[in-house]
Amino acid sequence: MHVEELIIDGFKSYAARTHITGWDHEFNAITGLNGSGKSNILDAICFVLGIRNYKLVSLRANNIQDLIYKRGQAGITKASVTVVFRNDDRKASPLGYEDCKQISLTRQIMVGGKNKYMINGHTAQEQAVANMLQSVQLSINNPHFLIMQGKITQVLNMQPPEILAMIEEAAGTRMFEERKDRAQKTMAKKDKKMEEISSILAEEITPKLDKLRGEKQAYLEYQKVEIELDRLRRLVVAYDYTKCEEALKNGTASLESGRTRLEEMTSQLETVKAEIANIGKSRAQIEETRRKEMTKSGEFKSLQDKVDELSKELVRIKTQSDLKTTSISEEQVAKGKLLESKSKLEGELAKRVKGYEKQMDKYAKEKRLYDEKAKDVTQLEELLQSLTTGVASDEGREGGFMQQLQEAKKEASDAATAMEQAKLRIGLLKDEAKEINGNIKKALKDNTDLLKEKERLEALVASLEAQLKAHEFKPDAKRALEQQRAEMLEQLDSIDERRRGMEAQ
């Protein structure tokens, strides 16, 4: 893939649209007078390939707007550069463009900083352009993309890492290294975020969830109690309704019997009224007879007056007595009703007192639960305030939970340091234990050699005793042998003592 055509429009000193063709894929040279724009062609190629550092190839521009012809003050508000590549070699073509005979890459900038890339006339992202160029070993932002004056000396003086970077860039693996670095940074950020989330989950969310589970269990228990209470209330209402129905039935029967009795009393009243009418007629006749006799005798009239007075007095007394009797009976009936109402009210009062006591117990439980919830909410609000602002409202927490967290982290760091010191000490002790084990093995080996020497000497003593028995008794030989035996026993004792010392070691 090599350059076939270059189109410059509004870029730096090229105000009009300029086509540069006839490029040779082996060698090209740009000649002309000073100020004719030779270097701007190289700048245009670097620009369209996606340069970000304008000072890298001496574009003589501090920002992107400096690349527009006269900074847009001559009526030209945009600059565009198009490079057309010849893509004859399919094997060396960019990824995804193997079937394209020509690849046109355009970059356009406008006054205000708007930037746009196009590949084969279609808008593309800057990263897509960079990936396409890097797949054919082109990276404009690489310091070694252009070999300018003095670059050969710099290459000769490069350090191994810089030479490796240049080789990677030439081999086309640099873009994968950059992607790898970006991926590793992203993974590090994600891991750090995961650690933060895990810490928050372990320190805040999990305790809250456990607490909420406990509250949920308590709420479920409360619901069960409420359901049971509602069921008992319904049973009480059903019982009261049944009692009322029974009382209504009993009252209906009493009403029927009262109506029957009322009818009987009514019939009796009619009979009594008829008798009273007959008695009134007889009395009228008698009074008529008396009036006739009274006209004949004055004494009878005076007696009759007395009788009338006494009758009136008797009627008045009888009336008062009847009224008192009726009042007493009514008072007794009212007293019975009041006593019955009193007993009913006392029973109802006892029931209401029990219900009131139950409701007060329930209220006390709910009040305690509410106080606990309010206390928990207050603690959570204080925790949230301290975590948000770093300042706690409780006494003894002037530094806030953040300071406590820092102190806890410091303690954890001290514990980690102590742990590392303990690990170093354990390592030293292990080395010392290895050395001691080596000494023990050596001592055991020496002990084994001494035991073998002891067994050999004991065998020698036994053989000498056998020889002594076989030979005739000679006092001098006996004394010499006893002396030799004593020396050997002393030697055995020293060996045995040495063995015991080695065993103790």
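**Sheet, helices and core of a predicted model**

Colleague: Let's start with Phe47: is Phe47 buried or exposed?

Modeller: Keep in mind that this is a predicted model. The relative accessibility of Phe47 comes out at 0%. Buried means under 20%, so Phe47 counts as buried.

Colleague: Which residue forms an aromatic pair with Phe47?

Modeller: The whole structure holds two aromatic pairs. In the one with Phe47, the ring centres are 5.1 Å apart and the planes meet at 35°, which makes the pair tilted. Phe47 sits in helix 1, and its partner lies 36 residues away in the loop between strand 1 and strand 2. At 0% relative accessibility that partner is buried too: Phe11.

Colleague: Happy to follow you to the sheet. What is the order of its strands?

Modeller: The sheet is open, has six strands and pairs in the antiparallel sense. Its edges are strand 2 (18-21) and strand 6 (122-124), each pairing on one side only. On average, neighbouring strands are turned by 20° against each other, direction ignored. Reading across, the order is 2-1-3-4-5-6.

Colleague: How many bridges join strand 3 to strand 4?

Modeller: Strand 3 covers residues 78-86, and seven of its nine residues are buried. With strand 1 (residues 2-9), strand 3 pairs antiparallel over seven bridges. Strand 4 (residues 102-110) also runs antiparallel to strand 3, and the number of bridges between these two is nine.

Colleague: Which residue of strand 4 is the bridge partner of Val83?

Modeller: Val83 belongs to strand 3, and Leu6 stands opposite Val83. On the strand 4 side, the bridge partner of Val83 is Leu105.

Colleague: And at the far end, which residue in strand 6 is the bridge partner of Met118?

Modeller: Strand 5 (residues 115-119) pairs with strand 6 antiparallel over three bridges. Met118 has its bridge partner in strand 6, and that residue is Thr123.

Colleague: Now the helices: at about what angle does helix 2 run to strand 5?

Modeller: Helix 1 (residues 38-48) lies across strands 1, 2, 3, 4 and 5, at about 95° to strand 4. Helix 2 (residues 126-134) lies across strand 4, strand 5 and strand 6. Its angle to strand 5 is about 45°.

Colleague: Which element gives the largest share of the largest nonpolar core?

Modeller: In soluble globular proteins, nonpolar side chains tend to be buried together. Here the largest nonpolar core has 29 residues, and Leu6, Phe11 and Leu105 touch the most other members. Strand 1, helix 1, strand 3, strand 4, strand 5 and helix 2 each give two or more residues to this core. The largest share, five residues, comes from helix 1.

Colleague: Where neighbours within four places in sequence are left aside, which residues is Leu105 in contact with?

Modeller: Leu105 is one of the residues that touch the most other members of the core. With those sequence neighbours set aside, its contacts are Val48, Leu49, Val81, Thr82, Val83, Phe85, Met118, Ile119, Val129 and Leu133.

Colleague: One for the bench: how many disulfides does a search of the whole structure find?

Modeller: Two cysteines give some context. Cys46 has a relative accessible area of 1% and is buried, whereas Cys100 is partly exposed at 24%. A disulfide needs two cysteine sulfur atoms within 2.5 Å, and the number found in the whole structure is zero.

Key
Residues are numbered from 1 along each chain as its sequence is written. This is a predicted model: local features need pLDDT of at least 70, side-chain atom pairs count only at pLDDT 80 or more; totals for chains, interfaces and linings use all residues. Side-chain values use heavy atoms; hydrogens and water are left out. Buried means under 20% relative accessible area, exposed over 50%, partly exposed in between (1.4 Å probe, protein chains only). Helices (H or I, at least four residues) and strands (E, at least two) are DSSP runs, numbered from the N terminus. Two strands pair if DSSP finds at least two bridges between them. Axes are lines fitted to C-alpha atoms, for helices over the stretch in contact, and angles run from 0 to 180 degrees between N-to-C directions. Contact means heavy atoms within 4.5 Å. A nonpolar core is a set of buried Ala, Val, Leu, Ile, Met, Phe, Trp, Tyr and Cys residues joined through side-chain atoms within 4.5 Å. Rings of Phe, Tyr and Trp (its six-membered ring) pair if their centres lie within 6.5 Å; planes under 30 degrees apart count as stacked, over 60 as edge-to-face and the rest as tilted.
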